Structure formats: structure tokens, C-alpha cells
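Got a minute to go through a model together? Here it comes.

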Protein chains: 6
Amino acid sequence: MRPSGRAVDQLRPLKITRNFTKHAEGSVLIECGDTKVICTATVVHGVPRFLKGKGQGWITAEYGMLPRSTGSRMDREAARGKQGGRTVEIQRLIGRSLRAAVDLKKLGENTITIDCDVIQADGGTRTASITGGFVALADAMRVLVEKKKVKESPIVAQIAAISVGVYKGVPVLDLDYPEDANAETDMNVIMNDQGGFIEVQGTAEGAAFTDEQMAGMLAVARKGITEIMDAQRVALLGQ
Amino acid sequence: MRPSGRAVDQLRPLKITRNFTKHAEGSVLIECGDTKVICTATVVHGVPRFLKGKGQGWITAEYGMLPRSTGSRMDREAARGKQGGRTVEIQRLIGRSLRAAVDLKKLGENTITIDCDVIQADGGTRTASITGGFVALADAMRVLVEKKKVKESPIVAQIAAISVGVYKGVPVLDLDYPEDANAETDMNVIMNDQGGFIEVQGTAEGAAFTDEQMAGMLAVARKGITEIMDAQRVALLGQ
Amino acid sequence: MRPSGRAVDQLRPLKITRNFTKHAEGSVLIECGDTKVICTATVVHGVPRFLKGKGQGWITAEYGMLPRSTGSRMDREAARGKQGGRTVEIQRLIGRSLRAAVDLKKLGENTITIDCDVIQADGGTRTASITGGFVALADAMRVLVEKKKVKESPIVAQIAAISVGVYKGVPVLDLDYPEDANAETDMNVIMNDQGGFIEVQGTAEGAAFTDEQMAGMLAVARKGITEIMDAQRVALLGQ
Amino acid sequence: MRPSGRAVDQLRPLKITRNFTKHAEGSVLIECGDTKVICTATVVHGVPRFLKGKGQGWITAEYGMLPRSTGSRMDREAARGKQGGRTVEIQRLIGRSLRAAVDLKKLGENTITIDCDVIQADGGTRTASITGGFVALADAMRVLVEKKKVKESPIVAQIAAISVGVYKGVPVLDLDYPEDANAETDMNVIMNDQGGFIEVQGTAEGAAFTDEQMAGMLAVARKGITEIMDAQRVALLGQ
Amino acid sequence: MRPSGRAVDQLRPLKITRNFTKHAEGSVLIECGDTKVICTATVVHGVPRFLKGKGQGWITAEYGMLPRSTGSRMDREAARGKQGGRTVEIQRLIGRSLRAAVDLKKLGENTITIDCDVIQADGGTRTASITGGFVALADAMRVLVEKKKVKESPIVAQIAAISVGVYKGVPVLDLDYPEDANAETDMNVIMNDQGGFIEVQGTAEGAAFTDEQMAGMLAVARKGITEIMDAQRVALLGQ
Amino acid sequence: MRPSGRAVDQLRPLKITRNFTKHAEGSVLIECGDTKVICTATVVHGVPRFLKGKGQGWITAEYGMLPRSTGSRMDREAARGKQGGRTVEIQRLIGRSLRAAVDLKKLGENTITIDCDVIQADGGTRTASITGGFVALADAMRVLVEKKKVKESPIVAQIAAISVGVYKGVPVLDLDYPEDANAETDMNVIMNDQGGFIEVQGTAEGAAFTDEQMAGMLAVARKGITEIMDAQRVALLGQ
């Protein structure tokens, strides 16, 4: 039924490459099928103004797509002079989700910026960014511990994300672009390793969705996230 | 338990005033407790470039807050020279939700812009904007029918929205600001009059939320939306 | 002779509602016929950089129109990314005029921002903003006195404003939109309660105006401002 | 009494140099004492969108100051990315004033842009811009007539401008910077050669001004403008 | 003498990977030592306004750096709302250089945009962008020929670029970041396969450079570009 | 052969007028034939953030063209809201070049801004800006010495610039606009009074240029710069 021939609850091949570039404290290439995102984590001492003197740190995220990461070229946002609404929405989601992984008090007055840059898009770039961003964040935290900038890792939860949807009436896992463009409903699910929800964003594209469809989407999401978290752990242990 | 003394599934007093200002095709003041939003609908012949020649119309939305609609004054976005991320996120949500009310083919090559301007904020401004925006949209559609710009009303569904959350561990309906600022989870639910979901956006603010809490939130949301839809219908029939 | 049937020196019905919204230190809805403006006054401790350490305060103003406050929808300035020339011109005028009401030394190092947001426009929005803004300013000053942030009220003059014009060759008071769009001359007059001029801005729209016409416009302006100042005083005493 | 030793109704030396630069249809250097402004007039066939198909032309103006035209360097507006409020206010005034010189119907579908660039500032730059801009405009009109783009000159009035003020309680003509910085009232007067007012903008800087002071200022303005118009005519006849 | 131990006229290892991403008509990853740039070429039918109706095409370029492509994180230009001066300078250079490779008449009314995005920076990103951009451009031209959009390839010259400099008084080839940061002179040389210069930009960073040093730099540049052109040809023939 | 009838190595008449405007520490009008640029130097105590506490000063430059300095009117960059790529490129070149004239340590924590504003353009505005900017800079340094803000002049080299090119196959000196628009190669050469190169920027506009042509261009440039430096010295000694 699916254009890719996958089972309804089957993820695309997932590959997480750490230390992808050499400068950042955390640098990850995440590949979910043909979707490829570079996620870097940068640590800077200090916090934004609204947190000055509160004895805590901050996690923020920025998101971008290379102009020709997509089928037809998009305008370069730097050249247009502003980030589009979709970009803003996505980077706020990534930041919120990854803050749920961290005890900001333990982080001290440090700010970690997660940059997620899509070099090839085929659906699911925002959830790939969260999943890959978590690994980059974990690497940056290791650097902080190694350099004794923090006493213990501020990581308090493992976070991963996946998109699900209703495609031809059926809940399916991990939509690629051909599915995403035709799905009746598109839902992004972000969870922690306790099985709790960090964020759920479901949008009816064509028809409204029912309680049953929502339950079905959440079930395949839960299965997918379990597998993704395994892949994150393997990547983080592997080096 | 609630700061306002309301029952967990009790809405704030809801008041919908049509024809609030005189120029717009649809003009609604919606008051949800102390949250007050002016929603206007403007009809313009023509469509955005990406829809040219496709024989359909478009619904879009813009959102703003008066600088002192809130407890401390916010910068005026026009003076800062850009809309903030939260504003962009909200106006995209309003537009998506209201497009689900309309058969864009029946609308013909007309564009309706829903402007939602918050004059006093006390929580739930985005869901109030959708609920009030639907009434303004319906009025604008009547104008189109009366002026014979469309054969029959392009409205195909009634849309309403409400915020719910987990407050002190309990799912509650229609958060006001004191609750919103302290809720563990905040969820916006947009539904149609068939009981289907148009959009569900749940965000864990502190702790992650469980399947049970999500079910509880959706249950109170469903009850609240039923009452809100009654209020919309009364308003639309009343004049 | 006038489209509204008013006498040449007759104001439109004027209504000033204090405490219109709940958050601001001063919040006024001013209605001049069908022109409706929300004026709020916000007090913040501190002054702009150019006044640091000079032992005085500052009064500034911002002005905006809801996109559909007018007959056809205007672009939202926040979305366009800049305030238009007319907006800039008006908010500079409001700020200048209201600073004439205040002894900035007595204000101490506090800044008061007057936000004037037009929710319905029918001519005379800038003068309504000044008249309503003065009442909001006076309320904010009371708050400063009550909270003992200043020893005595920094208000040193009462300020009000009105538009006058030459319509069909005759000086008339308080132009509404149909008159404004057809007037030969349009003049805004801002005065204090000693009968002195704070600002006079007269613009020939079609034909140039003569000394006699200017004298006639100033005469009706003086009469109108006397009535407006009565209304301000009644409003300020009434609660 | 005046810092410059001038009589209260005495202009600064006024010099108008036509053909100051070689490319523009009209190019004027106007020197009012130490205030020096380059005014050019550019003719382009076509009109702005809002005038398309109305069979008339348009006059518009832009104003700028070289960063070091003033005592301390101002930020370059092009580098800051926006024109300041004062600039916007001034260029709107110049455009409005010069449109009063022209029958826009006779101009046909042509747009004339008057660029006023201050190379040295010593008070009165906006009125110098109008006075010099009129001469540049007249030269551009001659070009249009010579090239037979219009049948007869669209100029229907001669326009000139001057600043006046109340300085140490006395109405004075043509304020230079030391006076302008200390005047109680500052007024810009734009008139035509029939003695009619095109625009009057008076602002109380310190104390409010009286009817008598306004009459005094208008009297010296009228005298000054008569002399300025003579200088314009001499310049325009001289070559 | 060189930090990397290379001979003065020795290039860093150069690797050119075609078809690096899947959507673009040309997509190249170029690696010059640790400098890594993704160069894509996008073909769009049509030309910019200034070329409308002239029967020719256009080549333009855009350049960006991922925020953490460098040792410390740079602000994201899309978030800052403008491209910096260095970015603008570089993308103009890339565009100019690559236009020298093409007969724009033969290209017809097509526009090719070369996007050069630096994912890891270690000196020489602008010359790597030109060298890699040429290969992406050549691939895009093949697509145009294959799709019969053009009769024959519009490529008329092979273009490559390299940085040279004076380091510790000696002309050296292909500066990496440690050299670049300490070079007395930095020069970018762009040549065609006839041995002609397309662009030469030499900048004294500390001391001025002499005729002899310029000759020395040009000599090593010529040697390097010969090798780089071999690598381009191998890459283009290899698949 | 040249449109102007000049010899291939002949400069246009060069005129340097110091103290052109009265406010700036250095103010120069430079005229190279019909190209006219006002160069001012402004001294401000303090340095940009990136130099704080390093015990050195800074030289920076800004460049602009009056909208009608050219044959057809260009958009005013302040009104467009951004400086174009060419402007950015030029002002970076001016700043770099003039920094080579100065020992920034001796300058102390002072910043000098060179503003170059073109009032009439006929080719070579960027090199005229550098040549004139050097004279303005030297004047500003004298002021610093006279006011005892620095012990001795921080000027360590004389800097001048000229454009050269290949026109009809022949290297020529000091291109005016008709030559510039048709030259095969355009090269800007900036040198110091020791005969060293500060910057060389050569661009093939049509055909690539050869080693011989480059040598020819550098030879005429060297001759021209010698004459220009004489003119700078005469100007600086003359008053």
C-alpha cells in the first residue's frame, strides 16, 4: 500500500553518524531514508538576558534547509532577509523538545544551540532534527563533563521524535515525502524514554481524524520511537 | 482546586458579539472570561500567486496583540519590524483550522483574511481567535452569498477550538492565565461539528504527559467544544 | 451643508471610557462619532539611553490601526515589517503633544508609553489619540502618585486636540471621513488649557488657504477644544 | 539679539546654483547660510500603481543627510536598514508641498522624483529642500516641454518655504541651528506666489505659543518668502 | 615551514564528489583538505527582469556557511535578517567567475543558480566554491542538453580557482586556516583553461606586497590550478 | 583611441579640495574628471566591540551614491532598507585600504569613519573614494595630534588608488564611464608610497586577461598613482 513498499509500522533505514564535522562540541549526520540533516551542538558560556542571574542554562535551536535540499529550489532565507513561518515553527518545536531532555539548573549558566540544517529533504525533517539533535546535545554534554564545566551530565531524559499519519485511511509510521504530500493527517510525536509524551502535533490535511485514528497513530509512533531510541543509544555507545 | 473556582470541565463565560466594528464583512468580539479578541473577516477578489488559475479561493489569518493587552507591555511588532515566532505559529494555526471549515472550490477566486487582534489577554487567545474567527468567516460568507458572488455558502463544517491542560495533575478545561502559567501540560484542540479533530497540539511544559492524561484532556475538550459550538450557533442565528 | 448634518462648529458625539482594559496603568476607549481608539499608558522604570543620568523621565507614543479598521483592509504593518510614513508621522506628533502636558523632571527616571490603537476609523484618529492619550496619561500619573513613585503629579497642563478644515470653502470643526476626503484644507490643532497652541499642522489638499480661513479654522478649533477639555475633566473626575 | 546678529526678519544669504550636477533633468545646490542641500529632479515615464490608468502624473520626494553633514556623525540610514521617523516626516512634507506647484493632469503619466540630500546642515534643511526642490522641478518641467513630452508646462504655482520661530519671546525669520536648538516655537511655512498657505506646521518646543506669536511668525514668514521667491525667479531666469 | 608540512606549491588533498544530493541538476561535494562545501546547480526557465527579452540566460550564485562550520559559532544569517558583507562579496565573486565559463546566448532564457554552502571551513571556501561550482554547473548543462533545452552545451571555458598568499615572506599555494590567519598577503586567483585570468584579488593583510611576490604567487597559483583542472576533468568524466 | 582623447597613461584632471564642509574632522571633495566624491573623516572615542580592551583603534568606511549621481536614477538604499552588494563590496575595500595607512596601535582607542558619498559618477568612484579618503583621514589625524589625543600621527603610509583596464586590447589608465562600460578587463590598484601593493582586484569583463596585460595595467597604474600621490601631498601641504 505504501509507495515505498514498507509495512505500516516500518521505519525507513536510520543512520546516525557522530563527529560528522570537526569544530562543534556535538556534530551528527542523521539519515532517515533520503532525509539527511546535519545537527550540531554549540556550547557557549552565558545565558540569554531573560535568564541572567537565575542560575540555570538554556537550550535553543535553529533550523534551516539548503535551498536545493528540496525538489524545486527554495529561496535562501538569508537572502530574503527573514525566516519563513514554517522555519520559525520548527525551530521552536526542536528547542522545546530538547529542553525536556535537560535539567537546566544542572547545566549552569551555559547556553547550548542546536543547529539543524537539512541537506536533503524527503519528509520528516523536523522529527529527524529532534532525534539527531538529541545525540548532538548528548555529545556536547559529555564535553562539558570532561572539561569539568558541569559536575554531572544535565541530561535527565532521552528524547526522540517521529512523524506518523493517516494515509489512505490507515495509520502509518515515518512518512516519506510522497506519503506526506498525500496523507489525510500528519502528526509529529515527541516522547521521552519513560514513554511519556513531550509534544503531540496532529493536523488534519484533508479530512478530520477520529479518536480511533489518533490511537492508531500513537501506537505506531510508540513502536517507532522505541526503535529510534535504540539507534540513538547504539550511536552514543559506539565511540 | 482551580484559581477561578471553576469545575474542571467548566468553561469561562463566553460572549460572542457580531458586527462589532462597521467596515468588515465579518466583525466579531469574542470574550472568554477576561480574554477579548476582535476577529474580522475581509473578502478580496483574487487569490495569492500560488493559486492563480486553479479555480479555488483561499483563507488566511493574521494575529496580533495590542502591546498592553498583557500584564507587562510587549514590544509592538510593527515597530520591531518583524512578527515574533509565537505570532507566526499562531496565525498559521488559525488559518489552517479555518480552511477546514470551507470548500475552497466553492469559494471561487476570492481570498478571505481573518484578522485576530487581542485587546485583552488572559489565556487561550489562539483558541478564542479560531472560535471567533469562524463566526466572522460565516458572516463574510453570507455577504458573498447575498451579493451573489458565490452560488451557495462555501461553509462545509463548523469549527471551534479550546485549550485544555493538566493542572496539578488533573485534566482541566479552558485554562486562564494563572492556570496556563502553571500547567504541566497545555493542549489546544480544534474540532469540527462531526466530532472530528482538525488539529491537536499538546505540549509538556514540565513533566511529560501520559496516555491517560491525554484521554482526559480530550474528553473535557470535547465537552467544552460542544458548548462553544452551541454559542457560535446562537450568535449566528441571533441577528 | 455637512454630510452629517452637523453645524459647522459642532463636534461629533464624544465618549471617553476609562479602565477599558484591565492590565494597563491607564486604559481609555475614546469614541468620536464612529472613530474608536484604545489608548493605554504603560509605566516602566528607566529611561531611553539618550536620557540616562539626566534625572528626568520620558513620554513616548506608538500608533497603529487594526488592518480592517478602515473601509478596505490595510496591510498589517507587523507583517510588512515596517511602519508606514503616516504612522511614523502620527506617533511622533502624539508623543510631542503629550510631553507638553508633563514636567519631565518631576516624572523622575520613568518612561510612559502611550499606545494608540485604532479599532474603527472615521476621520480624526490622530487627534482622538491625543485627546484619549491625555486621559490615559493622567490615570497612569495617578498610579505613580498612589504608589509613591513620584511626590506629586508631573502633569502641568491639560492637552487636547481636534481636526478642523475648510470644506466647501467654509471652516468646519471635527471632520469625519467623508468630509476629510473632500476638504480643501485639513488642520490639526493641539492646545493646552491656558489656550496656548502646542502644535498646529495645516495642509492644503486642493487650494491654498488664506489668512482668513486659518483664522476661521483656529476659531472653531478653540471652541471644540474647550468642549473636549470639559469631557476629559468629566471623565477623569467620574471614577 | 540673534546669535548671528541678523535682524528679526532678515534671511541668511541665499544662493541657488542650477545645473550643479550633470545627469539629472534638474539639479540645484541651494545654500541658506551654512545649510547646503543638493536637490535633483528625475523624470521617469510611468506612475505608481495607485495612479495607473488615471491619466495623471505624480511628484514624490526623498530626503537624506550625509552622515557627517551635522556636528556629530549620524548613522547612515542605508546601513541601519531604515529611514528614521524625522526623515520620513520631512520627505512626505516636501512631496506634498511640491505637488501643490503642479497640475498633475497636465504632467501626463510621468513621475518626477525630487531628491534632497543635505551635504551641510545648519538649520532649516527641510524648507531649503522645498525651495531648492521647486527650482529643480521647474528645470525638469522645461526638459519635458523641450522634449515635447508635455504640451505646456504643468507648473501652476511657485512654491517656497521658510522656517520661523519664537526665539527669546520674539518671532524671528529663518532660524539657524543655534537658534533652532533654543527656540520656544519652531514653525515651517510653505506658501505659493498668490500668498496662499500650502502648509503650516508650528510646534511648541518649550512654552505654548499664542495667537499673537503665531501672527508675528506668519508676518515674518510672508516677508521672507517674498524675498525667496524673488531669488527663485532670478535663478530660473538667469540661464 | 608550513604548519601542515606541505611544500610551498603543494595543494591539499582534493576530492570532488558528484551527485552528492539527489534533487539538484548538479550537486557536488568538494573537499579541499578539511574545507568542505556543497555546491548545487539549479536550472529554472526564465531570466531576471533586467534580462527579459534579450535572448540570453543568466548564472548567479549564493553562498552560505552553516553556523558551526567554523571554530566558534557564527550567527545564522537568516536569523539575523541579512547577509553579511563578506557573504555578499563572495557570492558576487562566484557568480562573476562562473559566468566566464558560459556563453549566455547559447544558454537561452534559462537561469542557473549555484548554491555554495560550507559545511566545514578550514580556509579557501570561496575558491573551493568556484571550483566545485564549475563542476555542478557542467552537470546542470548536461541535463539541459539531455532534455534538449539547449542545442549544445553553453560551456565555453573550464574555470577553477585557488587561494595563494605570502606566508612568512614566501609565496605559498592553497592556504589553510592557520596560514590564512597569519599570511601577510592573501590572493584569490581564478583562471580558465586557456591560462587566462578571470579574476585576481590580492589583499595585503599586514605588509604591502611587491611585484616579485605577486609574480611568485601567480606562479604557484598557475601550477595549482592546472592540477585542480585535472581533478575537475577526472570527476566529470568519471560517471 | 580613447573616447576622451586621452593618452593611454593619462589621468583625468584631478582636483582635491580640503575643508569642503565645516563639521567633519576631515572633509574633502575629490574630482577626477566628472567623478565627484565627498569624503569625510569622523573621529569618535571608543572602538567596536570586537576590539574592546586591545589598546588599538579602528578605521572603517561607508560608501553611498546620491540617487541621481548616475545617468539614470538608482533607488535610494536607505529607502530600500538595505545596502546593495556593490556598495558593501566597495566600502569594505575602502576600509581595508585605508587601514593600511595607519598604525592602529598609535591611534589608541579611537575609531575613524570615512564616509564617501558620490555626488556625480563617471567611473572610478571607488578609487577616488580611497584617494580622497586618505586626505580626509590625514586631516583627521592632524586634529587628533593638535588636540593631543595622540602623541604622534598614526599615519605610517600614504595610500592612493586608481582604476586601470584593458580597453580595445590596450592597457589604459583611469577609466571613465564610457570606457568602463566597454572595457575587457577592469582592475583597481591600491598602492602605498613605498611602491608596494595594498590591494589588486582585476576582473575580466569579457575576455580573460593575460600575464602581459596584467603587467601593462600595473605599469600604467604605477605611473598614475605616482601622480595622484603628488596631488595628495600638494593638497595636504597647501593649507
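What follows is a chat about the chain copies and about one sheet, all from a predicted model.

Trainee: What kind of axis relates chain E to chain A?

Mentor: Start with the operation: two copies of a chain are related by a rotation about an axis and a shift along it. Here, turning by 180 degrees with 0.0 Å of shift along the axis puts chain E on chain A, at an RMSD of 0.0 Å. That makes the relation a two-fold axis.

Trainee: Which residue of chain E has its C-alpha nearest that axis?

Mentor: Look for the C-alpha lying 1.8 Å from the axis. In chain E, the one nearest the axis belongs to E:Ala78.

Trainee: Do the copies meet through the same surface or through different ones?

Mentor: Compare the interface residues: 100% of those in chain E are interface residues in chain A too. The copies therefore meet through the same surface.

Trainee: Over in chain B, which strands sit at the edges of the open sheet?

Mentor: The sheet has 5 strands with mixed pairing, in the order β1-β2-β3-β5-β4. An edge strand pairs on one side only. In chain B those are β1 (14–18) and β4 (58–65).

Trainee: And which residue stands opposite B:Thr60?

Mentor: Follow β4(B) to its partner β5 (residues 110–120) of chain B: the two run parallel, joined by 8 bridges. The residue facing B:Thr60 lies in β5(B), and it's B:Thr113.

Trainee: What angle does helix α3 of chain B make with β3(B)?

Mentor: Helix α3 (residues 125–146) packs on the sheet, touching β1, β2, β3, β4 and β5 of chain B. Its direction against that of β3(B) comes to about 35 degrees.

Conventions: Residues are numbered from 1 along each chain as its sequence is written. Chains are lettered from A and ligands numbered from 1 in the order in which they are written. This is a predicted model: local features need pLDDT of at least 70, side-chain atom pairs count only at pLDDT 80 or more; totals for chains, interfaces and linings use all residues. Side-chain values use heavy atoms; hydrogens and water are left out. Copies are superposed by least squares on the C-alpha atoms of residues with pLDDT of at least 70 in both. Contact means heavy atoms within 4.5 Å. Two strands pair if DSSP finds at least two bridges between them. Helices (H or I, at least four residues) and strands (E, at least two) are DSSP runs, numbered from the N terminus. Axes are lines fitted to C-alpha atoms, for helices over the stretch in contact, and angles run from 0 to 180 degrees between N-to-C directions.
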